[in-house]
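Visitor: Could you take me on a close look at the pockets of this model, and at the packing of its interior too? I would like to know what lines them.

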Amino acid sequence: MTTNGTATADIGAIAATTWPGCAPRLLRSGAEDGAGYVAAGGYRGLPDPDEFLDEVERSGLLGRGGAAFPLAVKLRSVRAAAARRGRDAVVVANGEEGEPASIKDRWLLRNRPHLVLDGLRLAAAAVAATRAYVYVSDPAAARSVESALAEINTEPLGAPSISVFTVDAGYVAGEETAAVRAINGGPAKPTDKPPRPYQQGVAQRPTLVSNVETLANLPYLQQHGAKAFRSAGTALSPGTFLATVTGGGRPPVLYELPHGIAVSQLLELHGIPLDQVRGTLMGGYFSGLLNREALDATLDHETLRAGGSGLGCGAMAVLTDDCPVAVAASVLAYFGRENAGQCGSCFNGTAAMAAVAEALRDGFATAEEVERLRRWAGVLPGRGACGTLDGATNVAASLLVRFPESVADHLADACATCRGGAFRAERPYAVEEVTA
C-alpha cells in the first residue's frame, strides 16, 4: 500500500491460492487448454434441463457478482419468460468486473476460459438459449476466451452461438442493464427498471446476465451434485467463493475460500498481524467500511448483512496504517468520477459527498458539512438507476458510524496519521491489468 500515490497491484504478479484443506473447485495452477479440460471431465453431455434446474436450486448457489441473488431463481425466471413470449433466450457471461479492487473474474477468464464456457453452455441449456455472449472489458480476458473458442468447437457439445463482446472498462459498465444496453448497440450505462433483462434484454429477448464466477460453479455442480457443492460453506451461503484481498502493506492475493471463514483467520493467513488492523473496506468499494469489529465477522452473506455490511463481489481491502477518513474520501471521489451521469441524484449526490469527505480529509470541513453528509447518506440510497449511489452512501454512512473518533480528529485538524501524508488514490486498492 502507498500513501500520496495510487494503491495498485499488477494482475500479472498476483498470487492465487486455495484455503488450506479445501479442495479447489475454481482455482488451478497452470494454463488451461481444451484437451486437458475435456480429459478432466469437462464439457460433459448436457443434463436434462428440468433435473439440472432442480439440482441448481438444491445447491443454493448464489450469484457471485455482488448481489448474491439465487441463480436458480434467475434461471427459472428467464426460462419462463422465454416460454411465455415464445422467443429464444439469450445468456450473457458478465466478466466486465468494473470493481477495481476485485480480480477474480479477470483471473478466471484469463486462466480458466473453458470452465467459464462450460458453465455458460450449461446455463444456456437450462434456459433454452440460442445465443450467448462473454461480456468483458479486459483485452487479455477477451483474447483468452477467443482462443478457447477457437481451440474447441463447443456447438457439438450443446453450446449456443457464443461470441465475445468487449467494452471500455468502467464501474457502471458491469451492471446487468448496462451490459444489455451495450450489446444492443448503446453505451455501457444502466437503464431504468423495469423491464429487467429476464423480461426484455438483448435483442428484446429474455436474457440471463450472470457473473462468470457464478457460471464457473455449474460444471462442478453437474459433475458432483448439490450435496457435494454444499459440503463447503454455510447453510445459507453454500460452496466456495473467490476473495481478492488487498491493502495492509501486503501484495494482493486471490483466495478460494469456503463461505464462513473468519476474517481474522484469513488475515492471519494473508500475513497481516491482527493488532495492526484498523478496519476493512468490504465488497470492493460497495459495502463500505468496517472497523476492528470486522475481526469478529465471518465471510458469508448472512453474517455480514446482519452486521450492516456485505460480502459483495468478495473483495476486501485491509486498513492498517491508513486513515479511514482518507480512504473514504478516495473511494467517494472515485464514485463521483465514475457515476454514469444519467441520474441527477447520483451525479450530484456522489459529487457532494466526495467534496465533504475530501474537505474533511484535508482539515477544512465544518461540523455542519459533516451533518449534511450524514443526512445525504440516509436519504439518497435507492434513488439511482444502479447501485453506484448506494455504494457511495454505504461508504459515507459507515465512516460516520464506525469511525467517529477519526471524523472528530479531522474536524479538529488533528489526525496524527494524515499529518504524515494522507492516503490518496485514484482507484483505491485497485489490482491493475498488465499493459503490453
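Guide: Happy to; here is a walk through the pockets, followed by the nonpolar cores. Please keep in mind that this is a predicted model.

Let's start with the largest pocket, which holds about 1,200 Å³ of space. Its lining is made up of 46 residues, and G65, G66, A67, E175 and E176 are the closest to the centre. Helices α3 (71-85), α4 (104-111) and α15 (388-402), along with strand β6 (207-211), each contribute at least two lining residues. In chemical terms, the lining of this largest pocket comprises 18 polar, 16 nonpolar and twelve charged residues.

Next comes the second largest pocket, with a volume of about 280 Å³. Here 16 residues form the lining, and R25, Y37, R112, L115 and Q223 lie nearest the centre. Two elements give two or more residues to this lining: α1 (34-39) and α9 (218-229). Of these, α9 gives the most, with four residues. Sorted by class, the lining of the second largest pocket has three charged, five polar and eight nonpolar residues.

Now for the interior. The largest nonpolar core counts 54 residues, and L75, L120, V134 and L218 have the most contacts inside it. Helix α5 (residues 113-127) is the element that gives the most to this core, with nine residues. For a closer view, take V134: leaving aside residues up to four places away in sequence, V134 touches A93, L109, L117, L120, V145, I162, S163, V164 and F165. There is also a second, separate core of 49 residues, among them L281, A317, V325 and V407.

How values were computed: Residues are numbered from 1 along each chain as its sequence is written. This is a predicted model: local features need pLDDT of at least 70, side-chain atom pairs count only at pLDDT 80 or more; totals for chains, interfaces and linings use all residues. Side-chain values use heavy atoms; hydrogens and water are left out. On a 1 Å grid over the protein atoms alone, a cavity is a set of points where a 1.4 Å probe fits but cannot get out, and a pocket is an open set with protein on both sides within 12 Å along at least five of seven lines; lining residues have an atom within 4 Å of a point. Grid points are joined across faces, edges and corners, and a volume is the space filled by probe spheres set on the points. Ala, Val, Leu, Ile, Met, Phe, Trp, Tyr, Cys and Pro count as nonpolar, Asp, Glu, Lys and Arg as charged, and the others, Gly among them, as polar. A nonpolar core is a set of buried Ala, Val, Leu, Ile, Met, Phe, Trp, Tyr and Cys residues joined through side-chain atoms within 4.5 Å. Buried means under 20% relative accessible area, exposed over 50%, partly exposed in between (1.4 Å probe, protein chains only). Contact means heavy atoms within 4.5 Å.
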